[in-house]
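Open the model in your viewer and get ready to select a few pieces one after another. Each stop below says what to pick and what you will find there.

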Amino acid sequence: MTRRKGIRFKIFLVTTALLVMFALVIYLTLYFMLPSYYKLIKQDRLESGVSELVKGIDGKSTTDAIPLMAQFGQEHNAMMMLRDSDGNGYYIPPNFRTMKNWIGTGDSYLGLRKQMQAGRFEAGSRDPSDRGMHLLSVERKIKFAESDEVFTLYVDAPLQPVGEAAGVILLFLPYMLIPILLIAIGGALIYSRLIAKPLLSLNKVARRLAKLDFSATEPALKTRDELGELSLSLSRLAVNLQSTMGELQEANTQLKSDIEREREQESKRREFVATISHELKTPITAVSGQLEAMIANVGAFRDRDTYLRKSYTIMQDMDKLVHEILELSKLESRDFLPLMREVDLVELIRESVGHVSYLANVKNMTLDCELPDEAIITADERLMSKAVSNIITNAVQYSGDEERVIVRLWEEPVSISADGVRPRMMYRLEVLNTGVAIDEPKLPRLFEPFYRAEQSRSRSTGGSGLGLYIVSKVLDAHGAQYSITNTPEGVRFSVLLQGAA
């Protein structure tokens, strides 16, 4: 249903009003202007015809001139009359063809005049009222060859009763109003539909855009006019807005992710600082107490050499903890970039095994290595060496006496892609320490800072809890895949590294 405030209804009303108004204007113009215009045209044509007639007969003999005047009167339905200088009028009938029976043999010009008197109008017989609305009159001066006397030619043409026709037109107006209205309403309805339909289509597209619905990527109109260009512009706008909104949504999602990550990092940072404070507070309190007791020579602390060595050992642990914290701050820095170069992973493993061999001998442990001749990877040598050392050291440290630690490294099989390009080789490093097991819920938390599987947090039973956290950060920086799982033999740490190009 057409809304009264809609553009289609407005166009319909305006078009109907214009068509009706134009029809009435034309109708009334015919009524008021047609009689005057008709009279003006007829007068102009009569005067032009009379002028041409006079030009053709002036100076000719009456024998030649009068038949031409009679013929003109017949053609123009006009009354032709001549008047002489005395005011006598001579009517020329339309059926006049020849001077025979008008002029006798040997008659003079006066004889001609007398013959013509039979058909003349009496002086004053021309009614001045005949020169009103229904009679057009033209007069011209002419001479005939027979005499120098000047005659006046009067031409009276009756005007058709066009005024009555105008009155009939006015009376017929009520009957014409019905077809005028029907034509106006029908034309306005068709016109409003033709004009409003594309506008309504564009309005639908604009509404969808206002609701952030950018699915209208095809133009609603495919015409070559301005509306078609507007439709094309709206479709392009929809595409651009869809792309922009997609980018904004991605940016918003990324921003939310960054905010969540920042909050998580902030929470971890606060927890990290609190944990560091606790980790540092305990040894500082211990060293301060020992030093205070040694200064006061209290009880067993009089043996200063023994407690100085203990204080020194505590300070070494603190120094190691501080260095680990500094290492972590570098790894977690946004500006951190590992110094990548080709490194032989086999060499790094052998160095790490050499560093823990003394501790393994003390615990009567067996260190088994299954290594290839070389395994070249692209890595930061210092960081990768520390990660491998921490993994092997943890395996030895948390295994019981007379247990085994098995270190294996091999080339991982890779499949050739569909395009025939062989990817870079992968190396799998596994470190298995036997005779131990970790509770399954605790496994994912082993990579958290300051977390240790045993809850006593005693330095005699474990380290600072940062070792595996540093390992995870180093491996993440190198894009490695890693995991720690329980097996029937013990705990296995597995790392998958990509070989050098």
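**Stop one: a pair of helices**

Select helix α7 (residues 345-362) together with α8: their axes come within 9 Å and cross at roughly 35 degrees. The crossing of α7 past α8 is right-handed. To see who makes the contact, show side chains: from α7 come Leu345, Leu348, Ile349, Ser352, Val353, Val356, Leu359 and Ala360, while α8 brings Glu381, Met384, Ser385, Val388, Ser389, Ile392, Thr393, Val396 and Gln397. Colour them by class and you should find 11 nonpolar, five polar and one charged residues in this contact.

Before moving on, bear in mind that this is a predicted model.

**Stop two: the other partner of the pair**

Keep helix α8 (residues 381-397) on screen and add helix α9 (residues 467-477); these two pack at an angle of about 140 degrees, their axes 9 Å apart. With that angle, α8 counts as oblique to α9. This crossing is left-handed. On the α8 side, select Leu383, Met384, Lys386, Ala387, Asn390, Ile391 and Asn394, and on the α9 side Gly467, Leu468, Ile470, Val471, Val474 and Leu475. By class, the α8 and α9 contact holds nine nonpolar, three polar and one charged residues.

**Stop three: a helix to check with a ruler**

Now go to helix α2, residues 62-75. How far apart should its ends be? At 1.5 Å a residue, its 14 residues should span 20 Å, and the end C-alpha atoms are indeed 20 Å apart, so the two agree. Next, highlight the buried residues of α2: Thr62, Ala65, Ile66, Pro67, Met69, Ala70, Phe72 and Gly73. Then step just past the helix to asparagine 77, which takes a positive phi of about 50 degrees.

**Stop four: a residue in a loop**

Select threonine 487, in the loop between β10 (481-486) and β11 (490-498). Is threonine 487 buried or exposed? Its relative accessible area is 16%, so it is buried, the cut-off being under 20%. Leaving aside neighbours within four places in sequence, threonine 487 is in contact with Leu432 and Arg492. Try a distance too: the C-alpha atoms of threonine 487 and isoleucine 438 are separated by 10.0 Å, though the two are 49 residues apart along the chain.

**Last stop: the whole protein**

Zoom out and colour by secondary structure to find nine helices and 11 strands. Of the 501 residues, 34% are buried. Among contacts with a separation of 6 or more, 69% are between residues 24 or more positions apart.

Note on methods:
Residues are numbered from 1 along each chain as its sequence is written. This is a predicted model: local features need pLDDT of at least 70, side-chain atom pairs count only at pLDDT 80 or more; totals for chains, interfaces and linings use all residues. Side-chain values use heavy atoms; hydrogens and water are left out. Helices (H or I, at least four residues) and strands (E, at least two) are DSSP runs, numbered from the N terminus. The expected span of a helix is 1.5 Å times one less than its number of residues. Buried means under 20% relative accessible area, exposed over 50%, partly exposed in between (1.4 Å probe, protein chains only). Axes are lines fitted to C-alpha atoms, for helices over the stretch in contact, and angles run from 0 to 180 degrees between N-to-C directions. Angles under 35 degrees count as roughly parallel, over 145 as roughly antiparallel, 65 to 115 as roughly perpendicular and the rest as oblique. A crossing is left-handed if the near helix is turned anticlockwise from the far one by less than a right angle, and right-handed if clockwise. Contact means heavy atoms within 4.5 Å. Ala, Val, Leu, Ile, Met, Phe, Trp, Tyr, Cys and Pro count as nonpolar, Asp, Glu, Lys and Arg as charged, and the others, Gly among them, as polar.
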